[in-house]
Amino acid sequence: MDLTISKVSGLNGTVKVPGDKSISHRALMLGAIAEGETHILGFLPSVDCLSTLNCMISLGVEIRRLSSTELIIKGVGLRGLKEAKKVLDLGNSGTTMRILPGILAGQNFPSILTGDDSLKKRPMDRIIKPLRLMGADMGAGDKDRRAPITIVGRPLKGISYETPVPSAQVKSCLLLAGLLASGKTCVLEKTKSRDHTERMLEFMDVDIEIAGKEVCVQGGSVPKGAKIEIPGDFSSASFLIVAAVLMKHSKIIIKDVGINPSRIGLLNILLKMGANIEVLNERMICGEPWADISVKSSKLKAVTIEGELIPKLVDELPIFAVAATQAEGTTIVKDAKELRVKETDRIGAICSELKKLGVNIEELEDGFVVHGSSRLKGNTCSSFGDHRMAMALTIAGMLAEGTTTIKDSKCIEVSFPAFEYTLKSLTKEKIIDNSN
Ligand code: S3P
């Protein structure tokens, strides 16, 4: 499917964004291995999260869907999962492929996990190496680097491990394996990644210790079933935030968004660039901070972003690049090599596609340099099958003169199925024509 986008002068109104993707995956997996029932509200019914949901059902977990966003999971405890009768197909979901093996490696049955062409290209040695140190018997294609992953299932022992790249997926995988292992498992990160797993484990009464950048769990500690309310996904909100900042006649409020400090690097950097954004009605729900975010049209100044900030906005770099095209001055992004191994090579994709829209952008090995104050011109762009590229290019298309076509936009369903509907609800102008 292709999207044809027209220029829009502003977004106005109050909206909600769908549930957080990272938290939805974790609620399913932790709810499955909990003791007792877990009631999830605000679940994200996107293609990626449904991959995790179907896996848990294939592993023998009973899940009742009260509505598309409300579920009840009958927890089976740490060792109550059953061998799946088929290969577990995770589609495009890197989060499932990297976290679920932590649970499966310590079971007493085998599993095989596979995914789509994009997922089969992504590095998996980052979980296989440390899981093997814990005693896991597993292997993967391409010299143990890529899915499919095969897991035999056997007893694990706790380890202390320092992750070479900051990754919440690796950290979460090892912490969940740690619950099934003997002794204590500790994960140390050089730069702290998102901490939803730690917060949810704490909320579900698991024996967990957090000291600075190190997190430890005690083997045998079982999560207790809980009622988990999931906030709106800040990563989905970020497309609307940048759109409202950049479009001249905008004023929007996004309600009930997760503002976990490990996720809102984009918000803080936009404030530094001069954006007119307010965080209202802050509150804590189920161990996560929530707020309403008010955004008005603003003028931005260029910045340099690097180092410890990168993991806090890693998923927002495609839309941040769009913001940088309208800032005054030259914006530099460094230390973001991880973008090369996301759903597509996002550094390559950001540079090639924004160039097509008339942006003066230079590619770096670990980032990019954007010369701002660009007048964008509509063109045909590729999403490379990457949901965040497709949405970032849609916003760029809404700023461009003429029309912009985004090829292969169906992938948006991976994280934000209501993206088009939400944008349309914020303007009376014609934005998207998807009649083709
Ligand atoms: C995620 C962690 C991040 C992020 C991904 C979701 C998670 O990946 O890019 O979209 O839910 O743990 P890494 O752990 O590879 O940094």
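Me: Which residues does Ile 241 touch, not counting residues up to four places away in sequence?

Reply: This is a predicted model. In it, Ile 241 touches Phe 234, Ile 254, Leu 270, Ile 277, Ile 293 and Val 295.

Me: How do I read such a cluster of contacts?

Reply: Start with the general idea. In soluble globular proteins, nonpolar side chains tend to be buried together. Now the case here. The largest nonpolar core has 80 residues. Ile 241, Leu 270 and Leu 354 touch the most other members. Helix α8, residues 234–246, gives the largest share of this core, with 10 residues.

Me: Which residues does the second core include?

Reply: The second core is separate and has 69 residues. Ile 33, Leu 78, Met 138 and Leu 156 are included in it.

Me: Let me take one helix. Which residues of α4 are buried?

Reply: Helix α4 covers residues 125–133. Its buried residues are Arg 126, Ile 127, Ile 128, Pro 130 and Leu 131.

Me: What covers the buried residues of α4?

Reply: Both helices and strands do. The helices include α3 (94–104), α5 (141–144) and α6 (168–180). The strands include β8 (138–140), β9 (146–151) and β10 (160–163).

Me: Which residue with a positive phi follows α4?

Reply: Gly 135 does, with phi near 105°.

Me: Now backbone outliers. How should I read those?

Reply: Know the usual case. Most residues other than glycine have a negative phi, and most peptide bonds are trans. Then look for departures from it.

Me: Which residues does a cis peptide bond join?

Reply: Ala 147 and Pro 148, with omega about 5°. Pro 148 sits in strand β9. Strand β9 is also among the elements covering the buried residues of α4.

Me: What is phi at Cys 286, and where does Cys 286 lie?

Reply: Phi of Cys 286 is near 50°, a positive value in a residue other than glycine. Cys 286 is in the loop between β16 (276–285) and β17 (288–296).

Me: Is Cys 286 buried or exposed?

Reply: Buried. Its relative accessible area is 19%, and the cut-off for buried is under 20%.

Me: What about Asp 335: where does it lie?

Reply: In the loop between β19 (330–333) and α11 (346–356). Asp 335 has a positive phi of about 65° although it is not a glycine. At 43% relative accessibility, Asp 335 counts as partly exposed.

Me: On to internal space. How many cavities of 30 Å³ or more does a search of the whole structure find?

Reply: It finds 2. The largest cavity holds about 60 Å³ of space. The second largest holds about 40 Å³.

Me: Which residues line the largest cavity?

Reply: Read a lining by residue, by element and by class. By residue, it is Ile 23, His 196, Arg 199, Met 200, Phe 203, Ile 228, Glu 229, Cys 286 and Glu 288. By element, α7 (196–203) and β14 (227–229) each give two or more residues. The largest share, 4 residues, is from α7. By class, the lining has 5 nonpolar, 1 polar and 3 charged residues.

Me: How do the residues lining the second largest cavity divide?

Reply: Into 4 nonpolar, 4 polar and 3 charged. The residues are Asp 20, Ile 23, His 196, Pro 231, Gly 232, Phe 234, Gly 258, Ile 259, Asn 260, Arg 263 and Glu 288. Phe 234 links back to the opening question: it is one of the residues that Ile 241 touches.

Key
Residues are numbered from 1 along each chain as its sequence is written. This is a predicted model: local features need pLDDT of at least 70, side-chain atom pairs count only at pLDDT 80 or more; totals for chains, interfaces and linings use all residues. Side-chain values use heavy atoms; hydrogens and water are left out. On a 1 Å grid over the protein atoms alone, a cavity is a set of points where a 1.4 Å probe fits but cannot get out, and a pocket is an open set with protein on both sides within 12 Å along at least five of seven lines; lining residues have an atom within 4 Å of a point. Grid points are joined across faces, edges and corners, and a volume is the space filled by probe spheres set on the points. Ala, Val, Leu, Ile, Met, Phe, Trp, Tyr, Cys and Pro count as nonpolar, Asp, Glu, Lys and Arg as charged, and the others, Gly among them, as polar. A nonpolar core is a set of buried Ala, Val, Leu, Ile, Met, Phe, Trp, Tyr and Cys residues joined through side-chain atoms within 4.5 Å. Buried means under 20% relative accessible area, exposed over 50%, partly exposed in between (1.4 Å probe, protein chains only). Contact means heavy atoms within 4.5 Å.
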